[in-house]
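Trainee: Please take a close look at the nonpolar interior of this model, one residue at a time where that helps. I should then like to see how the surrounding helices, cysteines and charged pairs fit into the account.

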Amino acid sequence: MEHERPARGLAYLLTAFAMGAIVVARLVNLQLYEGDKFAKQAEGNRLRVIPQAAPRGLIFDRKGRVLASNRLSYSLTLFPSKMTQKNVEDVLTRLKQLVGLDLTEAHRRVAKYGLQTATPILLKSDIDAKTIARVAEHQGDLPGVSIQPDTIRYYPHGDLMAHVLGYTGEITDGELTKLGSEGYHLGDIVGKAGLERLFDKDLRGVPGAREVEVDARGRPGQLLREIPAKPGENLKLTLDLDLQRVAEKAMDVDHRTGAVVAMNPQNGDILVMASRPDFDPNIFTRKVKPEEWHKLQQEQYPFVNRALSAYPPGSIFKISVALAALSTGVCTPTRLFNSTGELQVGNRVFHDWYSAGFGVVNVMQGLQWSIDTVFYELGVELGGERMATYAHELGLGSKTGIILAGESPGFIPDPAWKRRVWHDKWWPGDSANMGIGQGAVNVTPLQAAVMVSAIANGGDVMVPRLIDDGKTEPPRIVNHWNPEALATVRKGLRLVVQSGTGTVADVPGKEISGKTGSAESGKPKTHGWFVCYGPGPHPTIAIACICEAAGHGGSTAGKVARTILDEYFGIKAGKIQPAKVAD
C-alpha cells in the first residue's frame with residue numbers, strides 16, 4: 001500500500017497543475033485576446049447613447065408670421081436593455097399605479113422595440129409637472145425609466161389652415177418599411193398630411209445624440225458627449241394669415257360647409273385656402289383622446305380639403321360659356337335675346353330661375369342677372385365640344401398643378417365621352433344643361449379661382465403656388481383669346497357686382513367684378529357659389545367660394561368673399577348691399 005501513496009500524490013499534483021494551467025490560459029485569453037471585447041461590453045454597460053430628434057423646421061406665412069412651430073415638452077421613456085421581462089413588467093405596472101400609464105400601449109411598444117434596443121422607448125409624451133414629480137419621487141423603484149426633454153409640433157393658430165399645413169405623428173410600420181432606407185427610424189415623428197408630409201424630408205432635419213453615463217439600475221447620469229441635432233429647414237408660404245383668419249371666421253358664421261380660395265391672378269400665389277369642417281392638428285401631436293376623436297367623427301369628412309374637391313359649378317360656368325360664344329362668333333356683344341322665363345329645346349321645356357323672364361337682353365345682361373334662358377340658347381348653339389374646349393382653356397376639368405395631394409381633376413363632359421361611356425349621342429338638351437353648368441360638369445373651388453383669375457389677367461391660366469420660393473416667373477398657360485370677347489365678358493362680370501346678382505361684393509371705391517352661382521346639391525337648398533376679382537383694371541386678388549347646400553350664392557358665398565375683400569383693402573365694417581335678385 002505504501003507504494004501507492006507517491007503515485008496518488010503525483011496524480012493530485014498533475015491534476016492541480018493542469019487545472020492551474022487552464023485557469024492561466026483562460027486568464028491570458030481574456031486579457032490578451034478578448035480583453036477589448038469585454039472592455040467594450042463593460043463600457044457599454046456604463047455608457048448609453050440617447051438619440052436626439054432635430055427641431056422641426058418652422059412654417060411661416062407670406063409676411064413671416066409663424067404658422068407651425070415647436071414647443072418644449074418632456075417624455076416618459078424606458079431603457080429596457082439589460083432588464084428582464086419580469087423587471088419590465090414590474091416597472092410598467094408601477095407606472096400604471098403612479099401616473100396612469102396605458103399598459104396595453106406600453107406592452108405594444110416594448111414588444112415592438114424589444115428588450116435589447118439601444119433606443120429609448122417612448123411610454124408617454126408631453127407629460128405634465130405632476131407626472132414628472134411622481135416619477136422623480138419614486139425613481140429608485142423604476143430602473144430604466146427616465147424623463148427626457150423633447151420638442152412637440154405646435155400650431156399656434158389651432159385649426160387655421162389645417163388642411164394646408166397638415167399634421168405630424170409617430171412613424172408607422174408601413175411608413176418605416178418605405179422610408180427605413182432613407183434614415184428614418186422607429187419612434188420618429190413624421191409629416192402625415194398636407195405640407196408637413198410633402199416637405200417632411202426638408203422639415204425634419206438631422207438627428208443628434210447624447211452620450212451619458214448610467215448607473216447599475218440603468219438610470220442616465222452625467223452627460224459625457226453631445227452631437228447637436230441639425231434643425232430642419234424653414235418653409236415660407238404664400239398664404240396670408242390675416243386673410244385666412246377672416247375667411248375661416250366668415251365660413252363659421254352660419255356653420256357653413258364648403259371652401260374658399262383667394263389667389264393673386266398675376267402670379268398664382270394662393271392667399272387663402274380654407275375648407276370647412278376642419279380639425280385642430282395639435283391633437284395629433286399626442287395620443288388622441290376618445291372624446292376628441294368622437295367629436296371629429298360627428299363632423300362631415302373633416303379631413304377632406306374641399307378646396308380641391310369637385311362640385312357642379314352652376315351659374316359660374318356661364319363665364320366659360322359666354323367666352324366661348326363670343327370668341328367663336330356664335331354671339332356678338334350686340335346680339336339680343338328674348339328672356340321669357342323658359343326655352344323649348346326639342347320636346348323639352350327648360351325653365352329659368354326667374355319665371356317671369358327679363359325681356360330683351362344682351363349677353364352682358366345675361367351675365368348680370370344670370371339669365372338661364374340666354375345660356376340654354378348659347379349652349380345649344382355652341383354644342384358640347386366647343387364648350388368643353390373653352391372650359392379646358394380656362395383651367396377647368398384638369399388638375400391645376402398645385403403641390404398638395406388629393407386634388408380632384410373635376411370633369412368636363414363632351415360628345416365623345418357620352419358615346420364612350422353611355423353609348424348614346426349628345427343631344428341638344430345636353431348642351432342646354434351644360435350651358436348653365438349642370439349635368440356632368442364638375443369643378444373644384446381652386447379651379448374656379450384659376451378660371452376667374454384668367455379672366456382677370458387677360459388670359460393667363462396660372463399654376464397655383466403655395467410656397468414662396470422667390471421665383472419671379474411662375475408657370476402659366478397663355479391663351480390668346482379674342483380681345484373683344486374677353487372685354488365683353490369682363491363688362492358683364494362688372495355689371496354683376498354693380499347692379500346684378502352680386503352686389504354683395506360692391507366694395508366702395510374699388511372696381512370689383514364677379515359672378516354668382518347656384519348648383520343642384522341633391523338637398524332642399526342649392527350649393528351657393530361666388531367668384532370675383534378686383535380691383536380693375538389690374539386685379540391683384542381673385543376669390544372663389546362655395547357654401548354647400550346653403551342656398552343662393554349671392555347671399556351665402558358672396559358674403560364670405562366680401563369679408564375677404566374688406567380685409568384685403570383695409571376696409572372695416574364694410575356695408576354689404578343685398579343682391580337685388582338671387583342666383
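Mentor: In this predicted model, Ile-455 is in contact with Ile-319, Leu-323, Leu-394, Trp-481, Leu-486, Val-489, Arg-490, Leu-493 and Tyr-533, its neighbours within four places in sequence being left aside. Ile-455 also ranks among the residues with the most contacts inside the largest nonpolar core, together with Leu-237, Ile-270, Met-273, Leu-378 and Ile-412. That core comprises 94 residues. Apart from it lies another core, of 27 residues, which includes Val-497, Val-507, Cys-545 and Ile-564. In soluble globular proteins, nonpolar side chains tend to be buried together.

Cys-545, one of the residues of the 27-residue core, leads to the question of disulfides. Its relative accessibility is 0%, and Cys-545 therefore counts as buried. The closest cysteine sulfur belongs to Cys-547 and lies 4.2 Å from that of Cys-545, which is too far for a bond. The cut-off used here is 2.5 Å between cysteine sulfur atoms, and by this rule the structure has 0 disulfides. Another cysteine, Cys-331, has a relative accessibility of 2% and so counts as buried.

Burial can also be followed along a helix. In α15, which spans residues 415–422, the buried residues are Pro-415, Trp-417 and Lys-418. Because they cover an arc of only 155° around the axis, they lie on the same side of α15. The face turned away from that buried side carries Arg-419 and Arg-420, both exposed. The elements that cover the buried residues of α15 include α14 (372–393) and α16 (428–435). After α15 comes His-423, with a positive phi near 55°.

The charged pairs complete the account. Side chains of opposite charge can pair when their charged atoms come close. The structure holds 33 salt bridges, and three of them may be taken in turn.

Lys-86 pairs with Asp-90, their closest N and O atoms lying 2.9 Å apart. Both belong to helix α3 (residues 85–99), where a spacing of 4 residues is about one turn of the helix. An α-helix has 3.6 residues a turn, so residues three or four places apart point the same way. Lys-86 has a relative accessibility of 55% and therefore counts as exposed, whereas Asp-90, at 39%, is partly exposed.

Lys-192 and Glu-175 form a second pair, at 2.8 Å from N to O. This salt bridge links distant parts of the chain, 17 residues apart: Lys-192 is in the loop between β7 (189–191) and α8 (194–198), and Glu-175 is in helix α7 (residues 173–179). With a relative accessibility of 19%, Lys-192 counts as buried, since the limit for that class is under 20%.

A third salt bridge joins Lys-236 to Asp-468, with an N to O distance of 3.6 Å. Lys-236 lies in strand β10 (residues 235–236) and Asp-468 in the loop between β17 (460–462) and β18 (476–478), so this pair ties together parts that are 232 residues apart in sequence. Lys-236 counts as partly exposed, at 37% relative accessibility, and Asp-468 likewise counts as partly exposed, at 31%.

Salt bridges also form a network, which links Asp-61, Lys-63, Arg-65, Asp-240, Asp-242 and Arg-245.

Conventions
Residues numbered from 1 in each chain as written. Predicted model: local features only at pLDDT ≥ 70, side-chain atom pairs only at ≥ 80, totals over all residues. Heavy atoms only, no water. Salt bridge = Lys/Arg side-chain N within 4 Å of Asp/Glu carboxyl O. Helix = DSSP H or I, 4+ residues; strand = E, 2+ residues; numbered from the N terminus. Buried < 20%, exposed > 50% of the residue type's maximum accessible area, 1.4 Å probe, protein only. Core = buried A, V, L, I, M, F, W, Y, C linked by side-chain atoms within 4.5 Å. Contact = heavy atoms within 4.5 Å. Arc of directions from axis to C-beta.
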